[in-house]
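User: I would like to learn how to read domain contacts and nonpolar cores in a model such as this one. Could you take me through them?

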Amino acid sequence: MSHSSHQIERNSLAFAIEKNVDVHTQKCYQCGKCSAGCPVATEMDMPPSYVMRLLQTENQAHDENILQSQSIWLCISCEMCLSRCPMEIDIPSMMDFLRQRSIKQKMVNPKAKNIVAFHKSFLNTIKYTGRLYELGLIIDYKRRSLNMLQDITLAPKMISRGKLHFIPEMIKGTPQISGIFKKTSKKEV
Amino acid sequence: MKIGIYPGCSLNGSARDYNESVFAIAKVFDIELVQIPDWNCCGATAAHNLNKELSLALPARILALAEQNGLDEVLVPCAACYSRLVVTQHELKVEPEIKNRIKKVIELDYRGTTKILNVIEWLDKYIIPGIEEKLVLPFKHKVACYYGCLLVRPNKVLNYDRSEDPQTMDEVMRKIGADPIYFPYKTECCGAGFSVSRTDIVSKLSGKIIEDAEHRGAEFMIVACPMCHSNLDMRRPDINQYFKTKFTLPILFVTQALGLAVGLSPKEVGLQRHFVPVNIDS
């Protein structure tokens with residue numbers, strides 16, 4: 001296959017992707033099935049097949065465009081692209097890697113800040129209680145995103161249906177959970 | 001009969017109705033569901049989006065606790081947790097190096113021997129074989145079986161049903177007397193974890209799924225994922241506002257429909273907790 005004979009530029013994002021998540025971007029032959037099936041392609045600044053094509057150029061400016069794109073954050077991890085890719089390219093794993101790289105290189109698209117804020121708030125509540133604490137999550141998210149009024153009428157409706165805890169359920173293994181967070185927090189991406 | 005259960009955070013909170021219906025059915029069929037002691041969150045989308053190692057360590061701790069407590073088989077009713085647990089088990093199996101590292105991170109022994117069952121597999125194995133004699137109120141309705149993403153994808157890893165037009169849930173519904181419609185949206189994404197951070201996307205994607213089911217004459221949509229349920233049910237006002245319409249299609253967990261069919265009351269399966277009113281007149 002052509003991808004095996006091609007020597008990838010060592011400083012390129014495509015090289016980092018291959019090394020870290022074993023996804024070979026050169027396999028893509030631009031059939032476009034990923035973009036056709038992607039539920040959020042219409043919201044994206046670059047649909048998945050376009051990301052693949054940019055990666056294949058192994059060009060630094062293109063790599064930066066990808067890391068600064070909204071697309072990598074709008075990817076919803078539905079796995080549709082992978083299930084329809086004739087070359088079985090694991091785009092979802094690649095997107096996970098790109099997100100982590102984008103944060104590390106401080107290139108997160110400003111328009112994606114709420115999505116990142118939500119993920120961070122989510123993990124923050126887990127870190128301290130071991131399980132999701134919805135009320136804590138929402139308060140932490142509002143603090144990060146400054147969307148104070150969002151869903152303000154939803155909480156009472158959830159409470160009346162018994163769907164919202166007031167007090168977090170602390171698990172006994174909470175120290176183990178914070179240990180797990182600590183040991184996994186300094187990984188190079 | 002005793003098997004393990006990993007409820008996950010949703011079933012503990014916003015999807016209490018799902019939890020109630022799972023436990024109520026188990027009781028009818030004399031199955032004891034044992035919670036994995038001191039279970040933690042699987043990390044969900046947030047963990048694998050932000051930190052790969054964390055996204056493997058959190059599910060690994062859950063599976064290690066199941067092993068430690070002799071729970072060889074574990075039911076995971078949440079499709080999202082199910083996917084995270086199976087993907088982790090797979091990854092640690094094919095990458096021994098990662099497995100050893102994760103074992104050090106969680107400070108527990110991990111063998112990877114737990115048999116993980118999604119809700120449909122559990123129903124198929126333990127409930128459906130005895131359904132005929134317990135069926136008192138066949139669920140004679142046109143239903144749209146909605147599988148969403150994570151019950152069937154990534155299909156190579158989950159190895160469960162087919163990724164396009166899956167049939168297992170349709171089969172379960174037929175067994176309780178329902179009439180599943182042809183439903184092309186059955187594996188489209190509902191918007192998943194964007195419920196709070198991009199409600200507009202959830203409204204659009206979930207609305208399209210409901211619109212198609214209503215258009216095809218479904219009386220109920222049947223789901224097997226708490227995240228899908230909250231997007232399709234709890235987010236209904238947002239969906240209706242986005243589409244400038246009033247969708248009324250109720251969303252039922254597969255276990256709620258089955259519970260009703262074996263004679264449980266609407267309250268026993270948690271229907272009063274829904275946002276979209278459910279009127280069952282059989």
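**Reading the domain interface and the cores**

Analyst: Across the interface of domain 1 and domain 2 of chain A, the rule finds zero residue pairs in polar contact with both residues at pLDDT 80 or more; a polar contact is a pair of N or O atoms within 3.5 Å, where within protein one must be able to donate a hydrogen and the other to accept it, and residues adjacent in sequence count only if both atoms are side-chain atoms. This is a predicted model, in which local features need pLDDT of at least 70, side-chain atom pairs count only at pLDDT 80 or more, and totals for chains, interfaces and linings use all residues. Side-chain values use heavy atoms, with hydrogens and water left out, while residues are numbered from 1 along each chain as its sequence is written, and chains are lettered from A and ligands numbered from 1 in the order in which they are written.

User: How much area do domain 1 and domain 2 of chain A bury between them?

Analyst: The size of an interface is often given as the accessible area lost when the parts come together. Here the two domains of chain A bury about 460 Å², 84% of it on carbon and sulfur atoms (accessible area lost, with a 1.4 Å probe, summed over both parts).

User: Which residues have the most contacts inside the largest nonpolar core?

Analyst: In soluble globular proteins, nonpolar side chains tend to be buried together. A nonpolar core joins buried Ala, Val, Leu, Ile, Met, Phe, Trp, Tyr and Cys residues through side-chain atoms within 4.5 Å, buried being under 20% relative accessible area (1.4 Å probe, protein chains only). The largest core has 163 residues, and those with the most contacts inside it are Leu98(A), Trp122(B) and Met221(B).

Technical notes: Buried means under 20% relative accessible area, exposed over 50%, partly exposed in between (1.4 Å probe, protein chains only).
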